[in-house]
Amino acid sequence: MLKSPHNTTLPKDAPTKEIKFELSGNMNRYVWSMDNKVVSESDKILIKKGENVRMIIYNGSMMRHPMHLHGHDFRVLNGQGENAPLKNIIDIMPMETDTLEFNANMEGDWFFHCHILYHMMSGMGRVFTYQNQTPNPLIPNPKLAQRKLFGEDRKFHSMAENDFATNGNDGMVMIQNTRWSIGSEWRLGYNNMHGYESETHIGRYIGKMQWLMPFIGFDWRYRKLHNGEFEKNLFGQVNTKDERRQISFGVAYVLPMLVTFQTEVYQDGNLRLQLMREDIPLSKRLRLGARYIFNKNMGLRTHYDSDMGYGIGLYLNY
Ligand SMILES: [Cu+2]
């Protein structure tokens with residue numbers, strides 16, 4: 001165990017403020033947080049000059065997080081008593097709890113964050129600030145500084161994929177940030193009989209764990225059969241509409257094993273329930289997916305679609 005060569009005890013007569021944190025995150029959506037809140041969703045932590053601050057940090061995520069404090073060195077209470085080592089970064093393993101303490105002796109606004117920079121940018125951090133401190137001349141506009149900091153974990157990222165298959169095109173584009181998700185999926189046949197369709201969802205993940213997303217959807221579908229032909233669905237109902245434009249309202253919930261349960265009500269009163277799983281979708285169209293990945297941007301995939309038949313295709317993603 002790491003040990004300091006000298007005594008590192010904090011001032012004995014100072015009051016102690018104790019703070020508990022859980023390191024948290026949603027790995028599926030790449031959102032990293034503390035107590036399930038990202039930086040822009042949380043207040044600064046107010047401390048008083050002269051007090052001792054003790055942090056008890058539990059890592060409830062499945063990744064290690066090297067937590068780094070600016071402006072102070074903290075004691076790591078690792079069983080070395082008066083010779084607890086002084087550090088300003090500590091790598092906290094999954095399911096590990098660490099206790100750190102420092103004396104609040106340096107006024108300012110100090111960032112405490114995970115030093116894996118992708119985690120920091122996605123929101124794993126907090127700001128410590130001193131009560132009644134004198135303004136920092138280096139930050140003439142604190143409001144603007146805060147807006148810039150909060151802007152980091154609100155940034156949007158995007159991805160897109162299209163599969164150029166023998167039986168049609170299958171693709172999606174998605175733009176997301178910590179809370180918002182805007183996504184569109186399409187299946188485009190090569191002729192009117194195969195049909196064309198797209199679904200667009202705009203939603204917001206709610207709740208502390210972000211598995212639940214209410215959304216508004218827009219569906220478009222066009223298909224034209226030869227004269228005299230008609231199709232029946234699984235329940236024997238005849239589909240007579242060539243074109244369908246519908247607005248919907250729905251909720252998506254991610255179940256264990258990353259299965260998404262989605263329920264949606266359309267403006268015409270239709271209700272749709274879906275269970276979906278990436279690469280093994282089990283939707284109303286029951287696509288069987290076998291995928292071979294060449295590299296991170298390209299692969300081969302087989303398809304079955306009730307409108308478009310069997311196919312095999314090359315897909316590209318970004
Ligand atoms: Cu981290």
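Q: Let's start with a strand pairing. Which residue in β4 is the bridge partner of Lys17?
A: To read a pairing, pick one residue and look across to the neighbouring strand. In this predicted model, Lys17 has Val53 of β4 as its bridge partner. Further along, Leu23 stands opposite Asn59, also in β4.

Q: How many bridges join β1 to β4, and do the two strands run parallel or antiparallel?
A: Count the bridges, then compare the strand directions. Strand β1, residues 16-26, is joined to β4 by 8 bridges, and the two run parallel.

Q: And how do β4 and β9 run, parallel or antiparallel?
A: Here the strands are antiparallel, with 7 bridges between β4 and β9. For an example pair, take Ile57, whose bridge partner in β9 is Asp98.

Q: What is the strand order in the open sheet of 6 strands?
A: Read a sheet from one side to the other, hopping between partners. That gives β2-β1-β4-β9-β6-β7, an open sheet with mixed pairing. β2 and β7 (86-87) are at the edges with a single partner strand each, so each has one side without a neighbour in the sheet.

Q: Which residues have the most contacts inside the largest nonpolar core?
A: For a core, see who sits in it and then where they come from. The largest nonpolar core here holds 25 residues, and Met67 and Leu100 have the most contacts inside it. Several strands each supply at least two of the core's residues, among them β4 (52-59), β5 (65-69), β9 (97-103) and β10 (109-114).

Q: What does Leu100 touch?
A: Leave out residues up to four places away in sequence, and Leu100 touches Met55, Phe74, Arg75, Val76 and Ile90.

Q: Now zoom out: how many helices and strands does the protein chain have?
A: Tally the elements along the chain: there are 2 helices and 24 strands. The chain has 318 residues, of which 21% count as buried. Looking at contacts between residues at least 6 apart in sequence, 55% join residues at least 24 apart.

Q: What is the mean pLDDT of the chain?
A: With a prediction, check the average and then look for weak spots. The mean pLDDT is 85, and 82% of the residues reach 70 or more. Over residues 281-288, though, the pLDDT is below 50, and the model gives this stretch 16 contacts beyond near neighbours in sequence.

Methods. Residues numbered from 1 in each chain as written. Predicted model: local features only at pLDDT ≥ 70, side-chain atom pairs only at ≥ 80, totals over all residues. Core = buried A, V, L, I, M, F, W, Y, C linked by C-beta atoms within 7 Å. Buried ≥ 20, exposed ≤ 12 C-beta atoms within 10 Å, placed from the backbone. Helix = DSSP H or I, 4+ residues; strand = E, 2+ residues; numbered from the N terminus. Contact = placed C-beta atoms within 7 Å. Pairing = 2+ DSSP bridges. pLDDT = per-residue confidence, 0-100.
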